[in-house]
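Let's take a short tour of a protein fold together. Have a look at the sequence and the structure, and then we will pick one residue as a starting point.

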Amino acid sequence: QVQLVESGGGLVQPGGSLRLSCAVSGITFSLSNMGWYRQAPGKQRELVAFITSSGGTNYAQSVKDRFTISRDNVKNTMYLQMNSLNPEDTAVYYCKVDWSRPYWGQGTQVTVSS
């Protein structure tokens, strides 16, 4: 059974930082491509960052140079380091892995507000 458990969301002031984690079980983690997505109220879910099994990365233009995606193939965990957060980053953040099919986490709320 594939499980994705996200953590690390919360309330942060503009300019602050958060690190999201996505712990994955039930797959061969090191062989999977995975990413972070977000969905703000009234908007469609969008890709934030993506990392391949070999460590290649890709970012949405809106988060480039502020967010960093990474993975730990020993801990079977993916991370999203988010710096210089602004109110437009407020959303529910989801992790996704591509295996036999896409698998999604339950989401974690990130709120950027003063």
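In which strand does Leu 80 lie? Looking at this predicted model, you will find Leu 80 in strand 8, which covers residues 77-82. Is Leu 80 buried or exposed? Its relative accessibility is 0%, and buried means under 20%, so Leu 80 counts as buried.

Who are its contacts? Leaving aside residues up to four places away in sequence, Leu 80 touches several residues, among them Leu 18, Val 48, Phe 67 and Tyr 93. Trp 36 is also on that list. Although Leu 80 and Trp 36 are 44 residues apart in sequence, their C-alpha atoms are 7.5 Å apart in space.

Now step back to the sheet. Strand 8 belongs to an open sheet of 4 strands with the order 1-3-8-7 and antiparallel pairing. At the edges are strand 1 (3-7) and strand 7 (67-72), each pairing on one side only. On average, neighbouring strands of this sheet are turned by 15° against each other, direction ignored. Within the pair of strands 7 and 8, Arg 71 has Met 78 as its bridge partner.

Another strand to visit is strand 11 (residues 108-112), where the side chains alternate. Thr 108, Val 110 and Val 112 point to one face and are buried, while Gln 109 and Thr 111 point to the other face and are not buried. In strand 11, Val 112 stands opposite Val 12, and Val 110 stands opposite Ala 91.

Here are three strand pairs side by side:

| Strand pair | Bridges | Direction |
|---|---|---|
| Strand 7 and strand 8 | 6 bridges | antiparallel |
| Strand 2 and strand 11 | 3 bridges | parallel |
| Strand 9 and strand 11 | 3 bridges | antiparallel |

Terms used: Residues are numbered from 1 along each chain as its sequence is written. This is a predicted model: local features need pLDDT of at least 70, side-chain atom pairs count only at pLDDT 80 or more; totals for chains, interfaces and linings use all residues. Side-chain values use heavy atoms; hydrogens and water are left out. Helices (H or I, at least four residues) and strands (E, at least two) are DSSP runs, numbered from the N terminus. Buried means under 20% relative accessible area, exposed over 50%, partly exposed in between (1.4 Å probe, protein chains only). Contact means heavy atoms within 4.5 Å. Two strands pair if DSSP finds at least two bridges between them. Axes are lines fitted to C-alpha atoms, for helices over the stretch in contact, and angles run from 0 to 180 degrees between N-to-C directions.
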